[in-house]
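Open the model in your viewer and keep the selection box at hand. Each stop says what to select and what is there.

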Protein chains: 2
Amino acid sequence: MSENDRDSRKTSPYRLHGRVWIDGPEGTFLGYGRVVLLERIREHGSISAAARSMNMSYRHAWDLVESMNRQAPAPLVISRTGGRGGGGASLTEAGERAVRLFRNAWDAYKTFEKEYSRNLRF
Amino acid sequence: MSENDRDSRKTSPYRLHGRVWIDGPEGTFLGYGRVVLLERIREHGSISAAARSMNMSYRHAWDLVESMNRQAPAPLVISRTGGRGGGGASLTEAGERAVRLFRNAWDAYKTFEKEYSRNLRF
DNA sequence: CAGCGTTATGCATGGTGACATATTACGGTC
DNA sequence: GACCGTAATATGTCACCATGCATAACGCTG
């Protein structure tokens, strides 16, 4: 709920609330949680550390990464197994573009939501 | 999925998709399914017939109606038990206003979604 | 006053998705 | 070559929600 604007409650107990995704060939391609996951992978350098940092099970995080990689024209995340530190993962250029794509859509939606909530009267 | 525009897939496999609700004091107040339910109650004159018409269990429909009535300043649905036909339910004026309120928000969101999907490039 | 279909309510069940647990593979490092 | 932490994958468990069933109250109709 931290992503929401509660100001409109000052004037009305009702407010518009919503979520957006970007669908791909298999269904959900990018969503809020998926994109945060991508950003954490960039930040931490591994899927497991990213998952831990947002209290998500590694299994779930891995599934999401796999789903995104399958649906994108090029992998958003590349992972290395074994080696120094056991391996790791990092964002590709396509991954960076995907993050920007969704962030833009998200911001546009949030702008719409705020604007519409402003004059919501029941 | 019948509510979606698939035309944008002609140009790109990716499209924006989302859902909106109107939140009230307890959380969800009005959503797509809830408003369809209200409209069916108006159409059929009973909660159970409305639920049947949209393949929803009576129990679930009743819970939704109760949730909406609790959160609105005045009941959206009034119900009569016993009598001719066993009873029934109908939309109040507040119910009609609630339907319009959500339909307007829904339409506005759908317009935003179509417009944004039009120039979605990955 | 018996019958009917609906409201109103409790309770058991079943399916889905998120989560935890467990195991193997991997390949640099020491 | 043993160790380490991660990737990769299978399997089991739990919480939640919708559904289904079961029952009682209700009040007009015949």
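## Stop 1: DNA strand D

Begin with the surface near DNA strand D: by class, this surface has 3 nonpolar, 14 polar and 5 charged residues. Here Ala, Val, Leu, Ile, Met, Phe, Trp, Tyr, Cys and Pro count as nonpolar, Asp, Glu, Lys and Arg as charged, and the others, Gly among them, as polar. This is a predicted model, in which local features need pLDDT of at least 70, side-chain atom pairs count only at pLDDT 80 or more, and totals for chains, interfaces and linings use all residues. Residues are numbered from 1 along each chain as its sequence is written, chains are lettered from A and ligands numbered from 1 in the order in which they are written, and side-chain values use heavy atoms, with hydrogens and water left out.

Which residues are the closest to DNA strand D? Select I47(A), R59(A), W62(A), G86(A) and G82(B), the closest of the 22 residues that surround the strand. A residue is near a strand if one of its heavy atoms lies within 4 Å of it. Of the atoms of DNA strand D that come within 4 Å of the protein, sugar and phosphate account for 68%.

Now show polar contacts (pairs of N or O atoms within 3.5 Å; within protein, one must be able to donate a hydrogen and the other to accept it, and residues adjacent in sequence count only if both atoms are side-chain atoms). Pick these three:

- I47(A): a polar backbone atom is 2.7 Å from a phosphate oxygen of DNA strand D.
- S48(A): a backbone N or O atom lies 3.1 Å from a phosphate oxygen of the strand.
- G86(A): a backbone N or O atom lies 2.9 Å from a base nitrogen of the strand.

Colour by secondary structure next. Helices (H or I, at least four residues) and strands (E, at least two) are DSSP runs, numbered from the N terminus. In chain A, α2, α3 and β3 (77-81) each supply at least two residues of this surface, and so does α3 of chain B.

## Stop 2: DNA strand C

Move to DNA strand C. It is surrounded by 20 residues, and the closest are G82(A), I47(B), R59(B), W62(B) and G86(B). By class, the surface has 4 nonpolar, 12 polar and 4 charged residues. In chain B, α2 (47-53), α3 (58-71), β3 (77-81) and β4 (87-91) each supply at least two residues.

Select G82(A): a polar backbone atom is 3.1 Å from a base oxygen of DNA strand C. At S48(B), a polar backbone atom is 3.1 Å from a phosphate oxygen. Y58(B) uses its side chain: an N or O atom there is 3.5 Å from a base nitrogen.

## Stop 3: a loop residue

Select N55(A), in the loop between α2 (47-53) and α3 (58-71) of chain A. N55(A) has a positive phi of about 55° although it is not a glycine. Is N55(A) buried or exposed? At 78% relative accessibility, N55(A) counts as exposed. Buried means under 20% relative accessible area, exposed over 50%, partly exposed in between (1.4 Å probe, protein chains only). Then try N55(B), which also has a positive phi of about 55° and is exposed at 75%.

## Stop 4: helix α4 and its rings

Select α4(B). This helix has 26 residues and reaches 38 Å from its first C-alpha to its last, close to the 38 Å expected at 1.5 Å a residue. The expected span is 1.5 Å times one less than the number of residues. At the N-terminal end, T92(B) caps α4(B), with a side-chain oxygen 3.3 Å from the backbone nitrogen of A94(B).

Show the aromatic rings. Rings of Phe, Tyr and Trp (its six-membered ring) pair if their centres lie within 6.5 Å; planes under 30 degrees apart count as stacked, over 60 as edge-to-face and the rest as tilted. The count comes to 18 aromatic pairs over all chains. One of them joins Y109(A) and F112(A), tilted, 6.0 Å centre to centre with 45° between the planes. Y109(A) and F112(A) are 3 residues apart in helix α4 of chain A, so about one helical turn separates them. Y109(A) is buried at 0% relative accessibility, and F112(A) is buried at 14%.

Finish by selecting Y109(A), F112(A), Y116(A), Y109(B), F112(B) and Y116(B), which form one aromatic cluster.
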